[in-house]
Each structure stands twice: as C-alpha cells, then as structure tokens.
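Colleague: I've got a model open and I'd like to learn how to read its charged side chains. Can you walk me through it?

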Amino acid sequence: MRRKTYQLADRPISVKFQLVLTELAAKLGLYPRARKHLEAARSLLATVHDRGLHADVKMAELALAAFESNLAEALEYAFELLSMAEETGSQSARFGASTNLGHLLSAQARFDEAIAWIQKGLDENSFGGGNEIALRDTLMSLLMARGQDEDATLQANAIFELLKASVAGDSYYGLWHLLTRVRWLYRTGQADAGVALALDSIPRIERMADRNLLERMKLLAAEGLGRTGRPAQGAHLMAEAVSANPDPPLEIMAEASRIAGRLAAHD
C-alpha cells in the first residue's frame, strides 16, 4: 500500500520538484539549465490531472520567457495562464497573469492596456503583503513610463506603507521593488538617496542569491555613482555586474549599454 501511494504521488511531486529547480536556475541566471528543468516538468504533466499544477507549470513558462526577454512568447503564456485561472478559480494564477500582463504590455508601450490589467488585479483582490506590493510596483513603473510622476509617487507611498506593515521588506517582492524605488528616486532628483539605497540593497540581495536581481541592482547603483560624480566607481561596478553573467538576456544588455553611455558622458 505504501509503495502504491508513493507511485500515485510520484509524478505530481516530481513536477513540483522540477519547478523548484527551474526557479533556482533562473534566479542564478542559468537559463539553459532552467529550460531543461522546465521541459522535464512539462513532460511529466501528460498523466497529471491536477489543473492547478498545470497552471503552475504555465506560470514557470511565463516567468522564464520574461526573464529571457522573449516578450511575444511570455505574452502568449500570460493569456493562457489567465484562462487557466478562470477555469480553476486560482487566485495565485490570476495574480500572476495580471502582474505579468501589466509588465509585458508596458514593455510593448501598450500602457493603457497594461494599467487596466494591473488595476483589475488590485480591484479583484485585497491581500496586502508581497502580492499587493508586486502589483503596485508594476503600476508604479507604468506610471513613470508615462510621465505621471505624481501618480507614481502616490504608489511609492502606498508601497512604503505596505512594507512597514509587513515583513516583506527582504522578501522576493520587497527586494525587487527596490529597483523601481531607486529609479523613482533618480527620476525625482534624489540621486544621492537613490544610489545609497541601491548600494545598501546589494548585500541584502546577495543573501537571497538572485543573480538576475543582483545584476540589475548593480547596474542601477553604477548609474547612480555616475549621477553623483563618481563615474570611475560606477564603471567598475558596471563591469563587475556584466562580467558575472556571460550570457545575459537582451534586456540586461540594453540596460548595460544605456548606463555605459551615461557613465562615458562624464569623461
């Protein structure tokens, strides 16, 4: 009986295990390895009838495509995940779809659609903590992209209150929000505060072992060092960030080029 129970549970557990490995590899920037684990998870799904687990795999497909800057593929997965959320009634799947649709549509400059999806996610849920921080963080980025700085500041204040009211400051969503907050500080003429926050967050991110986030924050800190009259230090930090990842996604390459241009302008 014990053996039969194990066999029945084996495939779903194996799928979940492969998804954990996918997430770990992606956070370390090992995208080919992450894709292999994801393919393994997908291949195990054929005889699994749990639609919630199918949605989890779809969420991983979406996240990895977004990390790899494959926006068209990620957008397709996001709409598929949304259909699964409606089918299963999964709040986590709906949250993942709404948040990612906001980010992906924004990257295509489809700002009105992006904001509508984020607002829909906020209207449908009242959860606080990391999930609400993630939605408001995406909305804040969208508002900055549209030049709506006053509205972005309102979101910055709302997120700050959420962070104070929870233990989410050093969570995955709390640390990712710091990228947006540093950009907002730069945008609102607070470069000294922005670079201080970026540099302070680097050891906190290192403890989380998310190489993708770490590289992005080092690049933002390098930009801030240039903004505050320390371009040589900024160039050193930028080189450190870029050399740590021999196969960066397109978005990181573009960001590194942008910051290199800013740093070179000081010389």
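Modeller: Sure, and keep in mind that this is a predicted model. Start with R42, which is partly exposed, with a relative accessible area of 26%.

Colleague: Which residue forms a salt bridge with R42?

Modeller: The general idea is to look for a side-chain nitrogen of Lys or Arg within 4 Å of a carboxyl oxygen of Asp or Glu. Here E39 pairs with R42, and the closest N and O atoms are 2.5 Å apart. E39 is partly exposed too, at a relative accessible area of 40%. Both sit in helix α2 (residues 31-43), and because they are three residues apart, about one helical turn separates them.

Colleague: What about K58, buried or exposed?

Modeller: Buried means under 20% relative accessible area. K58 is buried, at 13%, while its partner E80 is partly exposed, at 28%. In that salt bridge the closest N and O atoms are 2.6 Å apart. E80 belongs to helix α4 (residues 71-88) and K58 to helix α3 (residues 51-67), so the bridge ties together parts that are 22 residues apart in sequence.

Colleague: Which residues are linked with these in a network of salt bridges?

Modeller: The network joins E39, R42, K58, E61 and E80.

Colleague: And how many salt bridges does the structure hold?

Modeller: There are 21. Another one of them is R187 with D149, at 2.6 Å from N to O. That pair links distant parts of the chain, 38 residues apart: R187 is in helix α9 (residues 172-187) and D149 in helix α8 (residues 149-164).

Key. Residues are numbered from 1 along each chain as its sequence is written. This is a predicted model: local features need pLDDT of at least 70, side-chain atom pairs count only at pLDDT 80 or more; totals for chains, interfaces and linings use all residues. Side-chain values use heavy atoms; hydrogens and water are left out. Helices (H or I, at least four residues) and strands (E, at least two) are DSSP runs, numbered from the N terminus. Buried means under 20% relative accessible area, exposed over 50%, partly exposed in between (1.4 Å probe, protein chains only).
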